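Work through the exercises below with the sequence and the model side by side. Try each task before you read its solution.

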Amino acid sequence: MPDRTEIVCICSSTRFAEEMVAANRDLTFAGVIHVAPGVFTQREPDENISDEQKATLDALHLRKIDLADRILMINPGRYIGESTSREIAYARATGKPVSFTGTSELSVGAPAVRGSWR
């Protein structure tokens with residue numbers, strides 16, 4: 001058993017909330033600690049998020065990336081939006097491995113977990 005449990009940050013457009021829930025479940029069963037978005041604006045269209053709240057949520061997610069050992073990018077159909085592009089760039093700049101569910105190839109050092117993206 002490793003000295004420390006792996007921590008994974010789930011990144012994605014909030015339009016893929018169901019896929020993030022599935023990844024959350026799979027990572028949990030794999031014994032992995034994970035952090036992920038907590039507000040799903042695409043799923044909650046009646047909830048108005050101010051520009052200030054959006055900026056706060058974006059900054060908070062970067063702190064989640066800081067905590068993680070690696071990033072799992074949920075990107076069905078290879079979709080990557082503006083926010084997720086920024087998250088990928090930030091993760092890579094800080095030396096975090098990034099793997100993608102929307103491609104068949106995973107980053108070196110980022111093993112897949114059971115799920116639809118294998």
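**Exercise 1: A pair across the chain**

Asp69 and Arg4 form a salt bridge, with their closest N and O atoms 2.6 Å apart. A salt bridge here is a side-chain nitrogen of Lys or Arg within 4 Å of a carboxyl oxygen of Asp or Glu. The model is predicted: local features need pLDDT of at least 70, side-chain atom pairs count only at pLDDT 80 or more, and totals for chains, interfaces and linings use all residues. Residues are numbered from 1 along each chain as its sequence is written, and side-chain values use heavy atoms, with hydrogens and water left out.

Task: find which parts of the chain this pair links, and how exposed each partner is.

Solution.
- Step 1. Asp69 sits in the loop between α2 and β3, and Arg4 in the segment before β1. They are 65 residues apart. Helices (H or I, at least four residues) and strands (E, at least two) are DSSP runs, numbered from the N terminus.
- Step 2. Fix the terms: buried means under 20% relative accessible area, exposed over 50%, partly exposed in between (1.4 Å probe, protein chains only).
- Step 3. Asp69 has 31% relative accessibility, so it is partly exposed. Arg4 has 45%, so it is partly exposed.

**Exercise 2: More salt bridges**

Task: place the salt bridge between Glu6 and Arg70 in the chain, and say whether Arg70 is buried or exposed.

Solution.
- Step 1. The side chains of Glu6 and Arg70 meet at 2.6 Å, N to O.
- Step 2. Glu6 is in the segment before β1 and Arg70 is in strand β3, so the pair ties together parts 64 residues apart in sequence.
- Step 3. Arg70 is buried because its relative accessibility is 2%. Glu6, at 26%, is partly exposed.
- Step 4. Now look inside helix α2. Asp66 and Arg63 both lie there, three residues apart, about one turn of the helix. Their closest N and O atoms are 2.9 Å apart, in a salt bridge.
- Step 5. Salt bridges that share partners join Lys54, Asp58, Glu82 and Arg86 into one network. The whole structure has six salt bridges.

**Exercise 3: The sheet**

Task: give the strand order and name the edge strands.

Solution.
- Step 1. Four strands form an open sheet in the order β2-β1-β3-β4, with parallel pairing. Two strands pair if DSSP finds at least two bridges between them.
- Step 2. β2 (33–35) and β4 (98–100) are the edges, since each pairs on one side only.
- Step 3. Strand β1 (residues 7–12) is joined to β2 by three bridges. Val8 stands opposite His34 in β2.

**Exercise 4: The core**

Task: which element gives the most to the largest nonpolar core?

Solution.
- Step 1. A nonpolar core is a set of buried Ala, Val, Leu, Ile, Met, Phe, Trp, Tyr and Cys residues joined through side-chain atoms within 4.5 Å.
- Step 2. The largest core has 12 residues, including Ile7, Ile71 and Phe100.
- Step 3. β1, β3, α3 (82–93) and β4 each give two or more residues. β1 gives the most, with three.
- Step 4. A second, separate core has 11 residues, among them Val8 and Phe40.

**Exercise 5: Confidence**

Task: where does pLDDT stay under 50?

Solution.
- Step 1. pLDDT is the predictor's confidence in each residue, from 0 to 100. The chain's mean is 82, and 80% of its residues reach 70 or more.
- Step 2. pLDDT stays under 50 over residues 104–118.
- Step 3. Where pLDDT is low, predicted coordinates should not be read in detail.

Methods
Contact means heavy atoms within 4.5 Å.
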